[in-house]
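Work through the following exercises with the sequence and the coordinates side by side, and try each task before reading its solution.

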Amino acid sequence: MFDFMDMSYDEPGEPIGSGPYIPDAGECMRCGICIASCPTFRLFQIDEETPRRRIRTISKILVENQPISAEERMHLDNCVQCRACESVCPSRMAYGPLFDQAQAELKVQPNRLAKLAFKLIENKDWLRRLMPLPAIYLKSGLQTPLRSTGLLKKLHLADAEALLDKPALHALADFYPASVMPNTIDLSSAKPSPAGEGWVRGNQNKEKSLFKSPHPSLLPQGEGANVLQSTLLNGTAHGKVALFTGCIAEHFDRETLLAAIKLLNAIGYEVLVPPQQGCCGAIHQHNGQSAVGLIDNNIAVFNALDVDAVLHTATGCGAMLSEYQNDDEAGRLFRQRLCDINDFLLEHWPDDLQLMASELKVAVHEPCSQRNVLKNQQAVYALLEKIPGLSVAALADNSICCGAGGSYMLTHPDNAGQLRALKQQVISGSSADLVVSGNFGCAVYLNADGGRVEHSLQLLAQQLPFILDGFRLPPLPIQSH
């Protein structure tokens, strides 16, 4: 099963200039701790599908300048890039950066479809203009007959189409001032929202208020019953933050972004959403493409803002943002103000802001990007503990990737599907009412197979209290997807 004959155990560890360290082959063979944490080894049970063999291939590319075989390339490309091996490696091997350097050195040439995807990710205006097309398609009822023709598979679009969800068609506002709260909604002109989520004024965009109104049956009767106010700590702003939305989350993860803004406003922070920002660059960099332009743009856009912090909600994006390698003053300023929203909320949560109780059983899925790169998953548990009565537990086998892996679910759908099936088995056996995950990509992938996964921010925002003429109202029930 393990082919050791092509390895010299006396090779010294190889540094790449002043870059990441590559352990020598003998060191890796004597250790092997990374094997149990590798998702592809769990699938294939061969040594070629382990980090210690992939690192030998990476060493050939980056250090020895040797060509690699087609088989070595296949096993390297099979890597999900979960970086679980980094968390357990005694040599502190920086596998992620090494993998990205190797992909760049291989000068990967994307196919036409991938080139188009990269271009759309790079250009948010183009992406926004195309959003009505998937919305029309989903509403048309053509999914079932089109899937039955096999055309989507021939066009290599079947896996992407299976993940498609209704997009938000308009952009977020540039600025969400904390001063808009307490927010007054006149229920005398209210009507049911199309999604049945609550009640909104007939001439008002629901996102302007950010707070769902409770169903009229929950409202006390009598004088003043038409006025609903959402709580703010003391009606004043304590600071200003910028929210990173990336490339597609603004369209396909709108609920999480609104929940983030709602929570930030509730603790007294104004929120800027600069429209000039773009993709974090992870999809490009992990697939051997240059992300320099995207990185430079984000640094320039956010550094120009007078804010206390730059916050991200998706751990996949956050992992990439946290590893921007720009060593100049601009890069240092960007990293200095960058913060995961869970850490920020936990640090600035006011003592007198009490969330409404819930009896839900919640399982926490820890995305690989959070567990292995950001390493701040405990902040999620600490925030959820602020909901009285909530039962919170870690999802079993959190150390194994769900298969999403950024674009991996599209480039390696068979491998990804097997990993998702394993994760779904764990979820089914958890007896949880709800699974929360801090990464948009993981949630999308797990939900496409009938799961019920949402960002923990959505649950927290739904439990913010309502006040009406001195009456504290319960939040709306959690909506199923």
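**Exercise 1. Count the salt bridges of the whole structure, then characterise the pair K60 and E72.**

Solution. A search of the whole structure finds 13 salt bridges, a salt bridge being a side-chain nitrogen of Lys or Arg within 4 Å of a carboxyl oxygen of Asp or Glu. This is a predicted model, in which local features need pLDDT of at least 70 and side-chain atom pairs count only at pLDDT 80 or more, while totals for chains, interfaces and linings use all residues. Residues are numbered from 1 along each chain as its sequence is written, and side-chain values use heavy atoms, with hydrogens and water left out.

For the pair itself, the side chains of K60 and E72 meet at 2.8 Å, N to O. K60 belongs to helix α3 and E72 to helix α4, twelve residues apart, and the pair is thereby a link between distant parts of the chain; helices (H or I, at least four residues) and strands (E, at least two) are DSSP runs numbered from the N terminus. The last step is accessibility, where buried means under 20% relative accessible area, exposed over 50% and partly exposed in between, with a 1.4 Å probe and protein chains only. K60 has 23% and is partly exposed, and E72, with 21%, is partly exposed as well.

**Exercise 2. Compare the salt bridges that involve K124 and R128 in helix α8.**

Solution. Begin with K124, whose side chain meets that of E250 in a salt bridge of 3.6 Å, N to O. Because E250 lies in helix α14 (residues 249–252) and K124 in helix α8 (residues 124–130), the pair ties together parts that are 126 residues apart in sequence. E250 is buried, with a relative accessible area of 5%, and K124 counts as buried at 10%.

Turn next to R128, which forms a salt bridge with D125, the closest N and O atoms being 3.5 Å apart. Here both residues lie in helix α8, three residues apart, about one turn of the helix. R128 counts as partly exposed at 24% relative accessibility, and D125 is partly exposed at 44%. Elsewhere, salt bridges that share partners join D47, R52 and R53 into one network.

**Exercise 3. Describe the largest nonpolar core and follow the contacts of L311 and T313.**

Solution. A nonpolar core is a set of buried Ala, Val, Leu, Ile, Met, Phe, Trp, Tyr and Cys residues joined through side-chain atoms within 4.5 Å. The largest one has 43 residues, of which L264, L311, F344, L345 and L384 touch the most other members. Helix α15 (residues 254–266) gives the most to this core, contributing eight residues. Apart from this core lies another, of 23 residues, including V80, C368, A416 and A443.

Contact means heavy atoms within 4.5 Å. Once neighbours within four places in sequence are left aside, the contacts of L311 are V241, A242, L243, F244, L264, C339, I341 and F344. T313 sits in the loop between β10 (309–312) and α18 (315–322) and is buried, with a relative accessible area of 5%. With the same neighbours excluded, T313 has contacts that include L243, T256, A260, I341 and H455.

**Exercise 4. Determine which residues of helix α6 are buried, and what covers them.**

Solution. In helix α6 (residues 95–105), the buried residues are Y95, G96, L98, F99, D100, A102 and Q103. Their cover includes β2 (21–22), α3 (51–64), α4 (70–77), α5 (84–88) and α16 (282–286). Just after α6, K107 takes a positive phi of about 50 degrees.

**Exercise 5. Decide where the coordinates call for caution.**

Solution. Start from pLDDT, the predictor's confidence in each residue, from 0 to 100. The protein chain averages 84, and 80% of the residues score at least 70. Over residues 468–472 the value is below 50, although this stretch has 16 contacts in the model beyond near neighbours in sequence. Over residues 474–481 pLDDT likewise stays under 50, and the model has 27 contacts for them beyond four places in sequence. Where pLDDT is low, the predicted coordinates should not be read in detail.
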